[in-house]
Amino acid sequence: MKLMTWNVNSVRSRLQRLVAVLDRHEPDVVCLQELKGIEEVFPREAIEAAGYYAAVYGQKAYNGVAILSRTEPERIVRGMGDEDPQARLIAADIRDVRVLSAYVPNGSEVGSEKYQYKLAWLKRLTAHLAAEYSPDDKVVLCGDFNVAVDDADVRNPAKWADSVLCHPTVRDALESVRAWGFVDVFRKHHPAGGVYSWWDYRRLGFQTDDGIRLDHVYATASLAAESTAADVDRDERKGKGASDHAPVVVTFEDRH
DNA sequence: ATGGCATAATTGTTATGA
């Protein structure tokens with residue numbers, strides 16, 4: 001199974017690139033974030049024409065997550081079963097794997113209300129996982145976590161040290177999610193770090209390789225043991241009309 | 001300290017991102 005996660009930064013404005021990415025990589029499952037629109041404006045026909053089912057959790061203007069799949073997604077669940085109106089989590093069974101696509105809040109600035117919401121969201125996610133799943137299941141949590149787990153994933157650590165992406169409090173909150181029962185699958189294949197998935201549109205972020213790895217694939221141990229490769233499609237960040245995030249692609253060996 | 005750039009909702013400007 002080939003799995004991709006990508007923050008597309010508007011699925012409508014990125015549609016041509018998304019279809020090209022699907023053609024290029026032929027993933028079995030794709031977790032998308034930042035759709036930036038309600039489900040009614042999701043480009044379902046184009047995605048289906050490319051050969052994919054789509055489970056969509058949209059919202060006006062902001063956020064929005066989806067799971068695309070070659071096979072029909074089952075047991076689709078939007079959100080965490082509470083009253084939060086922000087569309088940031090969708091889950092579905094893809095064959096025998098529970099797949100979750102997550103868009104963790106950015107947090108704006110350390111100490112702000114949005115930062116508190118980010119920390120609380122990660123805490124809610126940990127509780128949700130504990131309530132709904134077992135680390136013994138085959139579960140993969142993918143998405144834009146808006147957290148660099150350590151400085152090996154940051155090209156210029158000093159510059160980002162006090163940011164909402166690298167602050168110790170948010171790293172601790174993400175570590176609590178991971179400690180529920182996940183392996184950082186990308187890290188398994190790139191133990192030394194130095195591979196990034198996001199570059200700021202501003203200040204020549206990509207041109208100067210001022211990158212950070214924010215997009216993660218967290219799999220439970222039995223599933224993580226089956227991964228054979230993990231890579232960032234850095235070329236997708238190039239040129240006019242790119243998302244500020246590049247796709248992350250992970251391959252798991254087939255069990256059947 | 002601020003802005004840089006991109007997108008949506010909306011038509012001039014604001015909210016948000018990371």
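**Strands, pocket and cavity in a predicted model**

Strand β5 (residues 74-78) is joined to β6 by three bridges, and the two strands run antiparallel. Within this pairing, Val77 has Ala91 of β6 as its bridge partner. The model is a predicted one. On its other pairing, β6 is joined to strand β7 (residues 97-103) by six bridges, again in the antiparallel sense. Here Ile94 stands opposite Val97 of β7. β6 and β7 form a hairpin, with two residues between the strands. Arg95 lies in that turn and has a positive phi of about 50°. Most residues other than glycine have a negative phi.

Strand β6 (residues 89-94) is largely enclosed by the rest of the structure, because six of its six residues are buried. Burial extends to both faces of β6. Leu89, Ala91 and Asp93 are buried on one side. Ile90, Ala92 and Ile94 are buried on the other. Ala91, the partner of Val77, and Ile94, which faces Val97, thus belong to opposite sides of β6.

Strand β12 (residues 215-220) gives a further case of burial. Six of its six residues are buried, so β12 is largely enclosed by the rest of the structure. One side of β12 carries Asp215, Val217 and Ala219, and the other His216, Tyr218 and Thr220; all are buried. β12 pairs with β8 over five bridges in the antiparallel sense. In that pairing Gly143 stands opposite His216. Three bridges join β12 to strand β9 (residues 182-184), also antiparallel. Val183 has Ala219 of β12 as its bridge partner.

β14 also has two strand pairings to describe. Four bridges join β14 to strand β1 (residues 2-7), and the strands run antiparallel. Five bridges join β13 to β14, likewise antiparallel. Val250 takes part in both pairings. Leu3 has Val250 as its bridge partner in β14, and Ala230 stands opposite Val250. Four of the five residues of β14 are buried, so this strand is largely enclosed by the rest of the structure.

The loop between β13 (227-232) and β14 (248-252) contains Glu236. Glu236 is buried because its relative accessible area, 5%, falls under the 20% cut-off. Its side chain makes a polar contact of 3.2 Å with the side chain of Arg24. Beyond its neighbours within four places in sequence, Glu236 is in contact with Trp6, Arg17, Val21, Arg24, Ala242 and Pro247. Arg24 therefore appears both as a contact of Glu236 and as its polar partner, by the criterion of N or O atoms within 3.5 Å.

The largest pocket has a volume of about 720 Å³. Its lining comprises 28 residues. Tyr103, Asn106, Gly107, Ser108 and Asn146 lie nearest the pocket centre. Two helices, α3 (113-132) and α4 (157-160), each supply at least two lining residues. By residue type, the lining divides into nine nonpolar, nine polar and 10 charged.

Two of the residues nearest the pocket centre, Ser108 and Asn146, have notable backbone angles in the computed geometry. Ser108 is found in the loop between β7 and α3. Its phi is near 55°, a positive value in a residue other than glycine. Asn146 is found in the loop between β8 (139-144) and α4. Phi of Asn146 is also positive, near 55°. Exposure separates the two residues. Ser108 is partly exposed, with a relative accessible area of 41%. Asn146 is buried, with a relative accessible area of 5%.

Enclosed space was examined as well. Rolling a probe the size of a water molecule over the atoms shows where empty space is left. The count comes to one cavity of 30 Å³ or more. The largest cavity has a volume of about 40 Å³. Val11, Arg12, Leu35, Lys36, Gly37, Ile38, Val41 and Phe42 line this cavity. Five of these lining residues are nonpolar, one is polar and two are charged.

Terms used. Residues numbered from 1 in each chain as written. Chains lettered and ligands numbered in written order. Predicted model: local features only at pLDDT ≥ 70, side-chain atom pairs only at ≥ 80, totals over all residues. Heavy atoms only, no water. 1 Å grid on protein atoms, 1.4 Å probe; cavity = no way out; pocket = protein on both sides within 12 Å on 5 of 7 lines; lining within 4 Å. Points joined across faces, edges and corners; volume = space filled by probe spheres on them. Nonpolar A, V, L, I, M, F, W, Y, C, P; charged D, E, K, R; others polar. Buried < 20%, exposed > 50% of the residue type's maximum accessible area, 1.4 Å probe, protein only. Polar contact = N/O pair within 3.5 Å; in protein donor to acceptor, adjacent residues only side chain to side chain. Contact = heavy atoms within 4.5 Å. Pairing = 2+ DSSP bridges.
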